Amino acid sequence: MVFRMSRRLLSLPAIKDFAAYEALKTSKAPMMVGWFTGHFSTGAKIYAEQYEAMAKAYPKYAFYTCDVDDAPLAAYDAEVTEVPSIVIQPLGLKPDGSPYDKTDLVVVSPQLARFDQVIPRAKAELDALQVVEDPEEPKPWQFDPATGTTLPEHR
C-alpha cells in the first residue's frame, strides 16, 4: 500500500509573534489585510483558499495570516473577537491627504455564524477604501497605555 504525503504550502506570511505584526505596519504597502484564524476553527480551514485567492487579486496590499493562539497580542491589537476574521488596516493617506489611523481599522467577522460571508464582505470593504500612498517613510507605531494597543505616530 502506497501513501501519498502532501503538504500544502501557504504563500502568505504567517505572523507568529507580535514583533512580526508590528513590522508589517512599517511596510510600504498601502494596506494590511490579515486572516485571523485558530487551529480549532473549521470555518477558517474551509475558507483559507478563498482568502489566498483574494490575496492574489490585490497584489499591492500586504496580506498575512495569524493564528490567534500563536500571537494573541496581535489579535488583541487588531481587535479580533471571533475567528475566522479579516482585519483591514489602511496605512497610507486618505484622499483628503490626512493619514489613516487606528480608528479606520475594519474587522470583518462572521455575523450569526455566517462564515461564508466573511470573504465577500471583506472584498466589499477593500473596494470601498481609497488609499493614497504616503510619500514619507513609515514610522513604527507607538504603544498606547490607555488602550493597551498601538497607535501610529501623530502628525
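Let me start with charge: the mean positions of the 16 positive and 22 negative charges of the chain are 8 Å apart, where Lys and Arg count as positive, Asp and Glu as negative, and His and the chain ends are left uncounted, each charge being placed at NZ of Lys, CZ of Arg, CG of Asp or CD of Glu. Please keep in mind that this is a predicted model, in which local features need pLDDT of at least 70 and side-chain atom pairs count only at pLDDT 80 or more, while totals for chains, interfaces and linings use all residues. Residues are numbered from 1 along each chain as its sequence is written, and side-chain values use heavy atoms, without hydrogens or water.

Turning to the fold, the chain has four helices and seven strands, taken as DSSP runs numbered from the N terminus (H or I, at least four residues, for helices; E, at least two, for strands), and their order is β-α-β-α-β-α-β-β-α-β-β.

Now the interior: 45% of the 155 residues count as buried, that is, under 20% relative accessible area with a 1.4 Å probe and protein chains only, exposed being over 50% and partly exposed in between. The largest nonpolar core has 23 residues, a core being a set of buried Ala, Val, Leu, Ile, Met, Phe, Trp, Tyr and Cys residues joined through side-chain atoms within 4.5 Å. Strand E2 (31-37) and helix H4 (118-128) are among the elements giving it two or more residues, and H2 gives the most, with six. Leaving aside neighbours within four places in sequence, Leu-126 is in contact (heavy atoms within 4.5 Å) with Met-31, Val-33, Met-54, Tyr-58, Tyr-61, Phe-63 and Ile-88.
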